[in-house]
Amino acid sequence: MPIDWIMGLAGGLVIGTAAALYLLVNGRIMGASGIVGGLVDGSGHSSGGERLAFLAGLIGVPGLIALIFGAPETHITGNLAVLVAAGLLVGIGTRIANGCTSGHGVCGISRLSLRGIVATVFYIGAGGLTVVLFKHILGVI
Amino acid sequence: MRGLFAFLAGGLFGTGLLISGMVDTAKVQGWLDVFGDWDPTLAFVMGGAILPMAIAWRLTSQRRPALGGTFPAKPDPRLGNNLVVGSVLFGMGWGLAGLCPGPALASVAFNGIAGLVFLLSMLAGMWAAPPLRARLDAATGTV
């Protein structure tokens, strides 16, 4: 089995453990778009401290690890138009759908939520078609 | 206490994203690129993450969260057009840049200007979403 798959599985187990901790201890769903989105649109201000603490860990701990062990390869595009369009689509889409890969994907599928499964099918399908169109047909990304 | 455990959960989430390679846009776009050089890593990450979480959901029955309150109720099972429309828009952005909200946050400390541009655009989209969602609900209702 390629090392990337093993690292993927190991990292996945850590992600799932984080989600389990947030659910069993804080009683919350670990959905990145919901946690940050609730701060942005004001709908989650009553639990603002908890959300900010979560984000501090999510941004700060990988930042610290990168500082100590060196930053990992990320291959992020330098095309500003693509970055802005993609960011807007991800922000609007996840808030309209009420979840992203962590909320609908990890937390939803694991409780066999039909909404989580349907959302995951649609965002993977749309993502796949987008890569085909913009990479293989248009050659933009 | 809530803040401490929220910080720990966020830190673990970020560490897992780093270990799994999901902060690398090439791995995510590789998963979506079924007609190119397909990279199945994301499926291993998802599988690995769903396993502990499935156990956690089982542990929630007849119990309360350790720090009080109640567990989130099962959401309304109706799917709704917003779920489909929103997920399609999200998937398009995800495919374009290879970033979803978790990895975008986890990698912003070392992704330079590009990472910051994506994150700020995402936050702007999240700020703009509620009125769009209300319109969509009013126009189409639920399926």
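A cavity is a set of grid points where a 1.4 Å probe fits but cannot get out. Keep that in mind, because rolling a probe the size of a water molecule over the atoms shows where empty space is left. What we have here is a predicted model.

Let's start with the enclosed space. How many cavities of 30 Å³ or more does a search of the whole structure find? It finds 1. About 180 Å³ of space lies in that largest cavity. Its lining has 16 residues. Nearest the centre are A:Thr101, B:Leu17, B:Met22, B:Val45 and B:Met46. Several helices contribute at least two residues each: H5 of chain A, and H1, H3 (41-59) and H5 (101-106) of chain B. Which helix gives the largest share of this lining? That is H3(B), with 4 residues. Now the chemistry. The lining of the largest cavity has 13 nonpolar residues, 3 polar and no charged.

Next, the open spaces. The largest pocket has a volume of about 870 Å³. It is lined by 42 residues, and the closest to its centre are A:Ile29, A:Gly34, A:Asn98, B:Pro72 and B:Pro75. Look at the helices around it. From chain A, H2 (32-40), H3 (48-69), H5 (101-109) and H6 (114-137) each supply at least two lining residues. From chain B, H6 (112-140) does so too. How does this lining divide by class? There are 9 nonpolar, 22 polar and 11 charged residues.

On to the second largest pocket. Its volume is about 180 Å³. Chain A lines it with A:Val131, A:Lys135 and A:Ile141. Chain B brings B:Ala26, B:Gln29, B:Gly30, B:Asp33, B:Asp37 and B:Asp39. H6 of chain A and H2 (25-32) of chain B each give at least two of the lining residues. H2(B) has the largest share, 3 residues. By class, the lining of the second largest pocket has 3 nonpolar, 2 polar and 4 charged residues.

Now helix packing. Two packed helices are described by the angle between their axes and the distance between the axes.

Take H1(A), residues 3-24, and H1(B), residues 2-20. They pack at about 165 degrees, with axes 7 Å apart. Angles over 145 degrees count as roughly antiparallel, so H1(A) and H1(B) are roughly antiparallel to each other. Is their crossing left-handed or right-handed? H1(A) passes H1(B) in a left-handed crossing. On the chain A side, the contact includes A:Met7, A:Gly8, A:Ala10, A:Val14, A:Ile15 and A:Leu21. On the chain B side, B:Phe5, B:Leu8, B:Leu12, B:Phe13 and B:Leu17 are among them. This contact has 15 nonpolar residues, 6 polar and no charged. Notice B:Leu17: we met B:Leu17 near the centre of the largest cavity.

One more pair, this time within chain B. The axes of H4(B), residues 81-97, and H6(B) come within 10 Å and cross at roughly 155 degrees. That angle makes H4(B) roughly antiparallel to H6(B). The crossing of H4(B) and H6(B) is right-handed. H4(B) makes the contact through B:Asn81, B:Asn82, B:Val85 and B:Ala97. H6(B) answers with B:Phe118, B:Arg133, B:Leu136, B:Asp137 and B:Thr140. What classes make up this contact? It has 4 nonpolar, 3 polar and 2 charged residues.

To finish, go back to the model and find two places. One is the cavity, where no charged residue is in the lining. The other is the H1(A) and H1(B) contact, with no charged residue.

Notes: Residues numbered from 1 in each chain as written. Chains lettered and ligands numbered in written order. Predicted model: local features only at pLDDT ≥ 70, side-chain atom pairs only at ≥ 80, totals over all residues. Heavy atoms only, no water. 1 Å grid on protein atoms, 1.4 Å probe; cavity = no way out; pocket = protein on both sides within 12 Å on 5 of 7 lines; lining within 4 Å. Points joined across faces, edges and corners; volume = space filled by probe spheres on them. Nonpolar A, V, L, I, M, F, W, Y, C, P; charged D, E, K, R; others polar. Axes fitted to C-alpha atoms, helices over the stretch in contact; angles between N-to-C directions. Parallel < 35°, antiparallel > 145°, perpendicular 65-115°, else oblique. Left-handed = near helix turned anticlockwise from the far one by under 90°. Contact = heavy atoms within 4.5 Å.
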